[in-house]
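Visitor: I have a model open and want to learn how to read its sheet. Can you take me through it?

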Amino acid sequence: MNGRAPQDGIEDPAGAPEVRLRTAAEGDLDAAAALFRGYLDFYEVEVDDPDRPRAFLAERIANDESLVLLAEVPGTGTVGFAQVYRTFSSLAMRPAWLLGDLYVAPAGRRSGAGRALLREVLRRAAEAGAAAVQLETAYDNFVAQGLYEAEGFVREEFHLYLRDLGGPA
């Protein structure tokens, strides 16, 4: 599949099921939290409180601190999510978006859900006047790196530094 959500419910010409995208709302929290937990597991993040992922997403959505998109594949269900944080680029003196999370559950992989989510983030960022969309992924996540590069992302030569301040997850 080409990763574009088909218009008017028409299937992709290759015969793959369509990917439907929506902005997560309060009623989507259980589905979004299940995907978020899968994402955390993928990155081997231990969470002591099993309710924390849902509460974290609920707070971001309620306070309009992030944009959470969900991908659904008919017959399979909600299979993927993306979470974007709106920030600013001082160098461009314009808004910028940080794609903090992009995850597709194993049942939705190779459906085009990841590509559809990524393209929707890019579309919305451009529509909002963002200077760029930034993201990070693991050094060994070659599948994600291939998708990002195929969609025009360029690996930056800047060094990334992080100072962990500790605290509960």
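Visitor: Which residue of β3 stands opposite Leu69?

Guide: Start with the general idea. Strands of a sheet pair through backbone hydrogen bonds, either parallel or antiparallel. In this predicted model, Leu69 faces Ala82 across the pairing with β3.

Visitor: How many bridges join β2 to β3, and in which sense do they run?

Guide: Seven bridges link the two strands, and β2 and β3 run antiparallel. They also form a hairpin, with three residues between them. Look at Gly75 in that turn: its phi is positive, about 85°.

Visitor: What does β2 pair with on the β1 side?

Guide: β2 covers residues 67-73, and its pairing with β1 is antiparallel, over four bridges. Two pairs to find: Leu21 has Ala71 of β2 as its bridge partner, and Arg20 stands opposite Glu72 in β2.

Visitor: Where do the side chains of a strand point?

Guide: In a regular strand they alternate between the two faces of the sheet.

Visitor: Is β2 enclosed or open to the outside?

Guide: Count buried residues, meaning those under 20% relative accessible area. In β2, six of the seven residues are buried, so the rest of the structure largely encloses this strand.

Visitor: What is the strand order of the whole sheet?

Guide: Read it as β1-β2-β3-β4-β5: five strands in an open sheet, with mixed pairing. The edges are β1 (20-23) and β5 (133-135). Each has a single partner strand, so one side of each lacks a neighbour in the sheet. On average, neighbouring strands are turned by 30° against each other, direction ignored.

Visitor: Which strands does helix α2 lie across?

Guide: Helix α2, residues 52-62, lies across β2 and β3 (77-89). Its angle to β3 is about 55°.

Visitor: And which strands does helix α3 lie across?

Guide: Helix α3, residues 113-127, lies across β1, β2, β3, β4 and β5. Against β4 (94-104) it runs at about 170°.

Visitor: Now the surface. Which residues form a nonpolar patch there?

Guide: Look for Phe42, Tyr43 and Val45. Together they have about 240 Å² of accessible area. Phe42 belongs to helix α1, which spans residues 29-42.

Visitor: Why does Phe42 count as partly exposed?

Guide: Partly exposed lies between the buried limit of 20% and the exposed limit of 50%. Phe42 has 41% relative accessibility, so it is placed in that class.

Definitions and conventions:
Residues numbered from 1 in each chain as written. Predicted model: local features only at pLDDT ≥ 70, side-chain atom pairs only at ≥ 80, totals over all residues. Heavy atoms only, no water. Patch = residues over 30% accessible without salt bridge, like charges linked within 9 Å, V, L, I, M, F, W, Y side chains within 5 Å. Areas by Shrake-Rupley, 256 points an atom, 1.4 Å probe, with all protein chains shown as cover. Salt bridge = Lys/Arg side-chain N within 4 Å of Asp/Glu carboxyl O. Buried < 20%, exposed > 50% of the residue type's maximum accessible area, 1.4 Å probe, protein only. Pairing = 2+ DSSP bridges. Axes fitted to C-alpha atoms, helices over the stretch in contact; angles between N-to-C directions. Contact = heavy atoms within 4.5 Å.
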